[in-house]
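Colleague: I should like to learn how to read the local features of this model. Could you take me through them in turn, with the general idea before each case?

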Amino acid sequence: MKTIISPSILSADLCNLGNDIRRTKEAGAEYLHFDVMDGVFVNNISYGIPVLQAVRRNTDMIIDVHLMITDPIRYIKEFAESGADIITFHSEAGSDIAETVKLIHSYGKKAGIAVKPNTPVSDIYKYIADVDMILIMTVEPGFGGQGFIYETVDKIRELRKYADSLGKELDIQVDGGINAETAAIVREAGANVIVAGSYFYKSADLSAAASSMRG
Ligand code: DX5
Ligand code: ZN
């Protein structure tokens, strides 16, 4: 599967976001990763609907929304109508998973389910046939700039094997602590959608940073 790069704007210059989004597109990234944190599901608060609307007005890139919020089904409509192209929510966040996927699809958006590092991937096996993407968190959600948790690599391998056994072309996304070295590890294990925040935006040459994660 083709590797897709999704830079997380959590590490962009938020006072010059329009400029950083333009540079992200010029660097050849396919998606823009938009992290939403509510201070309840995770111990941090990021940004939400009005910022998403502003980003949507600013770019035609595919916006990949990662909801780190409690009971996400309450906000699917607003995120869908505010310009998200892909909406990923956490399996641990309290909403009915099948219903949430169905609701995301009813707006014509791609649906993803995220699992934290300690959540077994087998917990979400029964939803795989109906979902577009699974996000395997490679750090505990909540903050950019953390170190990659190597124990998550086996989960990626296990998930790819399971999806292949179903004959499903599943997008497997990874998020947290990704740089050129860890990107190579997760790609080898079966991930094809690579999120990177601090590694990408701290690079002097964004195109080189994007290519370095494609292998
Ligand atoms: C963490 C967020 C990530 C974060 C990744 O909870 O979901 O998307 O921005 O940042 P890095 O790549 O710096 O680990
Ligand atoms: Zn994220």
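Modeller: Let us begin with accessibility: a residue is called exposed when its relative accessible area is over 50%, buried when it is under 20%, and partly exposed in between. Asp 60, with a relative accessible area of 58%, is therefore exposed. Please bear in mind that this is a predicted model.

Colleague: With which residue does the side chain of Asp 60 meet in a salt bridge?

Modeller: A salt bridge pairs a side-chain nitrogen of Lys or Arg with a carboxyl oxygen of Asp or Glu within 4 Å. Here the partner of Asp 60 is Lys 25, at 2.7 Å from N to O. Asp 60 belongs to the loop between α2 (49-58) and β3, whereas Lys 25 is in helix α1, so the pair ties together parts that are 35 residues apart in sequence. Lys 25 counts as partly exposed, at 43% relative accessibility.

Colleague: How many salt bridges does the structure hold, and which residues are linked with Lys 2 in a network of them?

Modeller: There are 10 salt bridges in the structure. Lys 2 is linked with Glu 30 and Arg 214 in a network. Within it, the side chains of Lys 2 and Glu 30 meet at 2.9 Å, N to O. Because Glu 30 lies in the loop between α1 (17-26) and β2 (31-37) and Lys 2 in the segment before β1 (4-7), this pair ties together parts that are 28 residues apart in sequence. Lys 2 is exposed, its relative accessible area being 56%.

Colleague: How many residues apart are Arg 22 and Glu 26 in helix α1?

Modeller: Arg 22 and Glu 26 are 4 residues apart in helix α1, about one turn of the helix. Their side chains meet in a salt bridge of 3.1 Å, N to O. Arg 22 is partly exposed at 43% relative accessible area, and Glu 26 is exposed at 55%.

Colleague: Let us turn to the metal. Which residues are the protein donors of the zinc ion (ligand 2)?

Modeller: One reads a metal site from its donor atoms, their angles and their spacing in sequence. The protein donors of the zinc ion (ligand 2) are His 33 through NE2, Asp 35 through OD, His 66 through ND1 and Asp 175 through OD, at 2.0 to 2.3 Å from the ion. The site has 6 donor atoms with angles of 71 to 171° among them, and is octahedral. The spacing of the donor residues in sequence is H-x1-D-x30-H-x108-D. His 66 lies in strand β3 (residues 62-68) and Asp 175 in strand β7 (residues 171-175), so the two tie together parts that are 109 residues apart in sequence. Both His 66 and Asp 175 are buried.

Colleague: With which side chain does that of Ser 8 make a polar contact?

Modeller: The side chain of Ser 8 makes a polar contact of 2.7 Å with that of Asp 35, one of the zinc donors. Ser 8 is found in the loop between β1 and α1 and is buried, with a relative accessible area of 5%. Beyond its sequence neighbours up to four places away, Ser 8 touches residues including His 33, Val 195 and Tyr 201.

Colleague: Finally, how should one read a helix such as α6: which of its residues are buried, and what covers them?

Modeller: One looks at the buried residues, their cover and the two ends. In helix α6 (residues 180-189) the buried residues are Ala 180, Thr 182, Ala 183, Val 186 and Ala 189. Their cover includes α5 (153-165), β7, β8 (193-196), α7 (198-201) and α8 (206-214). At the start of α6, a side-chain oxygen of Asn 179 comes to within 3.0 Å of the backbone nitrogen of Glu 181. After α6 comes Gly 190, with a positive phi near 125°.

Terms used: Residues are numbered from 1 along each chain as its sequence is written. Chains are lettered from A and ligands numbered from 1 in the order in which they are written. This is a predicted model: local features need pLDDT of at least 70, side-chain atom pairs count only at pLDDT 80 or more; totals for chains, interfaces and linings use all residues. Side-chain values use heavy atoms; hydrogens and water are left out. Donors are N, O and S atoms within 2.8 Å of the metal (3.2 Å for Na, K and Ca); water is not among the atoms, so sites may look incomplete. Four donors count as tetrahedral if all angles lie between 85 and 135 degrees; four count as square planar and six as octahedral if opposite donors are over 155 degrees apart and all others between 65 and 115; anything else is irregular. Buried means under 20% relative accessible area, exposed over 50%, partly exposed in between (1.4 Å probe, protein chains only). A polar contact is a pair of N or O atoms within 3.5 Å; within protein, one must be able to donate a hydrogen and the other to accept it, and residues adjacent in sequence count only if both atoms are side-chain atoms. Contact means heavy atoms within 4.5 Å.
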